[in-house]
Amino acid sequence: MAPPDANLHPVATGRAAETVSQHQNPQDLTFYSAWFCPFSQRVWIVLEEKGIPYQYKEVNPYKKEEHFLQINPRGLAPAVEYRGKAIYESLVLLEFLEDAYPSYKPNLLPSDPSDRAHQRIWIDHIAKAVVPVSMRLTMTQPNEQEKLETARNELYEALRKLQNEIKGTCFAGERFTLVDAVIVPWVLRDYVSAEHRAFKREDVGDGWAEYAKAIETRDSVCRTMSVSERDKAKVIYNRYLGGDAQSEAAKAIKAGRPIP
Ligand code: GSH
């Protein structure tokens, strides 16, 4: 089977390409990102939100090039090199940015320890419930009616649980938080299941569509989104929709394992 990078567009486009071009100079932090990758986008949004200086380097994680494997032995985007040290895993990276750049505002986690813990619980929910079931929905084939309905209902339920915790236009009120940064890349891509798997934002419940709109139109989010993402990313999503995606996450979903 051809690797998933066979026809993959190599670089970001539109607004995201402008952002890339503004971040070409060497800095303490080098950000290795894949323009189409929702996990990379989490980190990119936070870099932009906080105005942290960074150098953007595009990688195709499907190619597993030696230099990238030395930075992230798991071979997954995103990754960061910070003053010569390698760091990876999107959720670890988000916490790292909060810790390593305390003077860069806004803070995206609250200062109160219980409030911080509360946000981490919902980040964990997104990672363990929302993301895997949303991938499973996309990968379930239209002729598997029962499985499709189960996956769609499980996604609604996972999103509804999150929705019940939302306090304003953003997760915790009016201020953007790490929870919003963690979910928004999947909100931006829910058109795939809307177009092919009958997902409807309105069916999540009252307020979800409004929340989705508010976070997906935020400036830091738009600055990291390729305008022609839908067109250029089709080659990737078609593999998921066709059930033959070969990413590590897709293999895990198929095998019923947690995604890496
Ligand atoms: N748990 C990782 C994180 O949160 O950073 C997941 C990262 C991930 O799966 N990235 C995808 C990747 O690198 C791109 S969106 N895929 C390459 C592969 O599966 O071989």
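How many of the 11 residues of helix α7 are buried? I will come back to that after a word on the model as a whole.

What you have in front of you is a predicted model. The protein chain is split into two domains: domain 1 covers 14-100, and domain 2 covers 113-255. Their centres, taken over C-alpha atoms, are 21 Å apart.

Now the helix. For α7, residues 178-188, the count is 11 of the 11, so this helix is largely enclosed by the rest of the structure. The buried residues include the charged-looking exception you may want to find on screen, D180. Among the others are L178, V182, P185 and W186. At the N-terminal end of α7 there is a cap, T177. A side-chain oxygen of T177 lies 3.2 Å from the backbone nitrogen of V179.

Next, the interface between the domains. On one side, 22 residues of domain 1 are in contact with 32 residues of domain 2. The buried area between the two is about 2400 Å², and carbon and sulfur atoms give 62% of that. Three residues, R15, W35 and Q41, supply 25% of the area that domain 1 buries against domain 2, more than any other three residues.

There are also polar links. Between domain 1 and domain 2 the model has 4 salt bridges, and 10 residue pairs are in polar contact. Which elements does domain 1 use here, giving two or more residues each to the side that touches domain 2? They are α1 (14-21), α2 (38-50) and α4 (90-100). Helix α2 gives the largest share of that side, with 9 residues. Sorted by class, the side of domain 1 that touches domain 2 has 13 nonpolar, 3 polar and 6 charged residues.

One spot is worth zooming in on, around E49. This residue forms a salt bridge with R218, and the closest N and O atoms are 2.6 Å apart. The side chain of E49 is also joined to the side chain of S220 by a polar contact of 2.6 Å.

Is S220 buried or exposed? S220 has a relative accessible area of 3%, and the cut-off for buried is under 20%, so S220 counts as buried. S220 sits in helix α10, residues 219-222. Leaving aside neighbours within four places in sequence, S220 is in contact with I45, E48 and E49.

To finish, two things to look for on the screen: helix α7, with 11 of its 11 residues buried, and E49, with its salt bridge to R218.

Note on methods: Residues are numbered from 1 along each chain as its sequence is written. This is a predicted model: local features need pLDDT of at least 70, side-chain atom pairs count only at pLDDT 80 or more; totals for chains, interfaces and linings use all residues. Side-chain values use heavy atoms; hydrogens and water are left out. Domain bounds come from an automatic or database domain assignment. Contact means heavy atoms within 4.5 Å. Buried area is the accessible area (1.4 Å probe) that two parts lose on being put together, summed over both. A salt bridge is a side-chain nitrogen of Lys or Arg within 4 Å of a carboxyl oxygen of Asp or Glu. A polar contact is a pair of N or O atoms within 3.5 Å; within protein, one must be able to donate a hydrogen and the other to accept it, and residues adjacent in sequence count only if both atoms are side-chain atoms. Helices (H or I, at least four residues) and strands (E, at least two) are DSSP runs, numbered from the N terminus. Ala, Val, Leu, Ile, Met, Phe, Trp, Tyr, Cys and Pro count as nonpolar, Asp, Glu, Lys and Arg as charged, and the others, Gly among them, as polar. Buried means under 20% relative accessible area, exposed over 50%, partly exposed in between (1.4 Å probe, protein chains only).
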